[in-house]
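Student: Please give me a close account of one pocket in this structure, then of its surroundings. I would be grateful if each term could be explained when it first appears.

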Amino acid sequence: MIEYVSSLLKTYHSEHILPEKFSDIPAEDGVVLTRLLKPIIEHQGVVDRIHLYETDYASKFVLGMIQRRTEMTGMYSGDQDVAHIYFQKRLNTCWRRFVVCKEMYHCMIDRTEDSRVASLGFLHRLMEALSEDTSAVLGVFKPLKSEEAAEILALETLAPVEYRLQLVDDYRSGAISANEVAEIFKIPEDFVDFSFQRHYLEAMSSLRKPLLF
Amino acid sequence: MTQKATFDEVFSAEFESGLKDIKFFIDPSKKASADELCEDALGFQNAIKEGRAIEVAAVD
């Protein structure tokens, strides 16, 4: 599935020119903007339109969600596949970006019926799978695999491996902290250390080849 | 009506009215049981139904 990251970033780079050096990443925004990813995903993915919503509901565990529907959008435009992405208003910019990017990736990767949750039975199974008691779920359950993959793809898109390879020595030596890396990419700090794990970084840099630069 | 029955009723209605996929982002720093996740998802869904979800153009 990592090919979706390569495809998206290649298109993004052709339209918006990513800087080759992490030191040239604009300090205020992060390197990859979700607002510029959205039209690319609407074009390359399985939905025609994506809408974003913030809610004041203070949920304990659910930071965001995506719901997909087929909707009649206009007298002449006919039915369209529409994705509605919801997130908690209290989330900071880094978390909003990560949640929205992860949920948008479902519009790229969930292309088969068995990867979607379209029934109450599948919804209960997904909740079991996402809970702490994952032993309740036996065998391969594609919607769970999709949840896990979308999170990885969001990380690889918002903090591209091209830049992490430039930062890895400084990160491992302690010259740059997880908080500083999170600030550069505008991603939650929680994901930074994982993104620099030796085997993970090697695997991603290999799977992503050829890199953008 | 129990929480589970309400959850089933609300989301059954959503699937019957055309919901064809739903996925979640769960806070990775917290552990929850399936029942707790269902309760949270139901609250989230009710907030949407009550008009407490405001469309935004972008997040960055």
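Tutor: The second largest pocket is lined by A:H124, A:M127 and A:E128 from one chain, and by B:Q3, B:K4, B:F7, B:A34, B:D35, B:C38 and B:E39 from the other. A pocket here is an open set of points on a 1 Å grid over the protein atoms alone, where a 1.4 Å probe fits and protein lies on both sides within 12 Å along at least five of seven lines; lining residues have an atom within 4 Å of a point. The elements that give two or more residues to this lining are α4 of chain A, and α1 (3–16) and α2 (34–49) of chain B. Helices (H or I, at least four residues) and strands (E, at least two) are DSSP runs numbered from the N terminus. The greatest contribution to the lining of the second largest pocket is that of α2(B), with 4 residues. The same lining divides into 4 nonpolar, 2 polar and 4 charged residues (Ala, Val, Leu, Ile, Met, Phe, Trp, Tyr, Cys and Pro are nonpolar; Asp, Glu, Lys and Arg are charged; the others, Gly among them, are polar). The space in this pocket is about 190 Å³, a volume being the space filled by probe spheres set on grid points that are joined across faces, edges and corners.

The model is predicted: local features need pLDDT of at least 70, side-chain atom pairs count only at pLDDT 80 or more, and totals for chains, interfaces and linings use all residues. Residues are numbered from 1 along each chain as its sequence is written, chains are lettered from A and ligands numbered from 1 in the order written, and side-chain values use heavy atoms, without hydrogens and water. Chain B has an average pLDDT (the predictor's confidence in each residue, from 0 to 100) of 95, and 100% of its residues score at least 70. For the complex, the predictor gives an ipTM of 0.97 and a pTM of 0.95.

The helix α4(A) also takes part in the largest pocket, whose volume is about 470 Å³. Two or more lining residues come from each of α4 (120–130) and α5 (142–158) of chain A and β1 (19–26) of chain B. Of these elements, α5(A) gives the most, with 6 residues. The lining of the largest pocket comprises 24 residues, and those nearest its centre are A:L130, A:E148, A:E151, B:I26 and B:P28. By class, there are 14 nonpolar, 2 polar and 8 charged residues in that lining.

The strand β1(B) leads from this pocket to the pairing of the chains. Of the 8 residues of β1(B), 7 are buried, so the strand is largely enclosed by the rest of the structure (buried means under 20% relative accessible area, exposed over 50%, partly exposed in between, with a 1.4 Å probe and protein chains only). The strands β2(A) and β1(B) run antiparallel and are joined by 7 bridges (strands pair if DSSP finds at least two bridges between them). Within this pairing, A:G64 has B:F25 as its bridge partner. Strand β2 of chain A covers residues 62–72 and contains A:R68, which is buried at 3% relative accessible area. Between the C-alpha atoms of A:R68 and A:A118, 50 residues apart along the chain, the separation is 9.4 Å.

A further link between the chains involves β1(A), residues 49–55, where 6 of 7 residues are buried. This strand pairs with β2(B), residues 53–56, in the antiparallel sense over 4 bridges, and A:L52 stands opposite B:V56. With β3(A), residues 79–88, β1(A) pairs in the parallel sense over 7 bridges; there A:E54 has A:F87 as its partner. Strand β3(A) also holds A:Q80, a buried residue with a relative accessible area of 19%.

Finally, the cysteines deserve a word. Over all chains, a search finds 0 disulfides (pairs of cysteine sulfur atoms within 2.5 Å). The cysteine sulfur closest to that of A:C94 is in A:C101, and at 13 Å it is too far for a bond. For A:C107, the closest cysteine sulfur is likewise in A:C101, at 11 Å, which is too far for a bond. A:C94 counts as buried at 13% relative accessibility, and A:C107 is buried at 0%.
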